[in-house]
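Q: Hello! I am new to protein models and would like to learn how to read one. Could we go through the features one at a time?

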Amino acid sequence: MKPVMILLIAIMVVLQYRLWLSHDGLPSLLRLHYAVEKQRQDNEKLEERNAVLAAEVADLKSGLDALEERARSELGMIKPDETFFHVIEPQTND
């Protein structure tokens, strides 16, 4: 009976070592959980960005207001018979 108990204890020690200290044990599992959580957060940020871009694309496809706003702000375009005023603020020496 004693040799069987010693064998069982030895097997238990080997299995516990593999669980707690080996490269594919608990430390690896914790690193994997951290990596999955970080990837989930990155995916959420990208999904939000994609939603904003999809809304902008839909807005550009459906109406001329967004297109006109973009032409004014990014290209500096104005309508006929409009006067464009460019205000330059003085530089301050701080």
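Q: Which residue forms a salt bridge with Glu-68?
A: Start with the general idea: side chains of opposite charge can pair when their charged atoms come close. In this predicted model, Glu-68 pairs with Lys-79, and their closest N and O atoms are 3.4 Å apart. Glu-68 belongs to helix H3 while Lys-79 sits in the segment after H3, so this pair ties together parts that are eleven residues apart in sequence.

Q: Are Glu-68 and Lys-79 buried, exposed or partly exposed?
A: Here we look at relative accessible area, where the class between 20% and 50% is called partly exposed. Glu-68 has 30%, so it is partly exposed. Lys-79, at 42%, counts as partly exposed too.

Q: How many salt bridges does the structure hold?
A: There are three. One of them joins the side chains of Glu-37 and Arg-40, at 3.1 Å from N to O. Another joins Asp-42 and Lys-38, at 3.5 Å from N to O.

Q: Why are Glu-37 and Arg-40 separated by about one helical turn?
A: Because they are three residues apart in helix H2, which covers residues 26-62. Asp-42 and Lys-38 also lie in helix H2, four residues apart, again about one turn of the helix.

Q: What is the make-up of the chain in helices and strands?
A: Count the elements, then read their order. This chain has three helices and zero strands, and from the N terminus the order is α-α-α.

Q: What does the radius of gyration say about the chain?
A: Compare the value with the one for a compact globule. For 94 residues such a globule would have a radius near 12 Å, but this chain has 32 Å. The C-alpha trace spans about 105 × 45 × 10 Å along its principal axes, and buried residues make up 4% of the chain's 94 residues.

Q: Which residues make the nonpolar surface patch?
A: Look for nonpolar side chains that lie together on the surface. Here a patch of about 910 Å² includes Met-1, Val-4, Leu-7 and Ile-11. Leu-7 is found in helix H1, residues 2-20, and counts as exposed because its relative accessibility is 51%, with the cut-off for exposed being over 50%.

Q: Which sign does the phi of Asp-81 have?
A: Read the backbone angle together with the residue type. Asp-81 has a positive phi of about 70°, although it is not a glycine. Asp-81 lies in the segment after helix H3 and is exposed, with a relative accessible area of 85%.

How values were computed:
Residues numbered from 1 in each chain as written. Predicted model: local features only at pLDDT ≥ 70, side-chain atom pairs only at ≥ 80, totals over all residues. Heavy atoms only, no water. Patch = residues over 30% accessible without salt bridge, like charges linked within 9 Å, V, L, I, M, F, W, Y side chains within 5 Å. Areas by Shrake-Rupley, 256 points an atom, 1.4 Å probe, with all protein chains shown as cover. Salt bridge = Lys/Arg side-chain N within 4 Å of Asp/Glu carboxyl O. Helix = DSSP H or I, 4+ residues; strand = E, 2+ residues; numbered from the N terminus. Buried < 20%, exposed > 50% of the residue type's maximum accessible area, 1.4 Å probe, protein only. Rg over C-alpha atoms; globule rule 2.2 N^0.38 Å.
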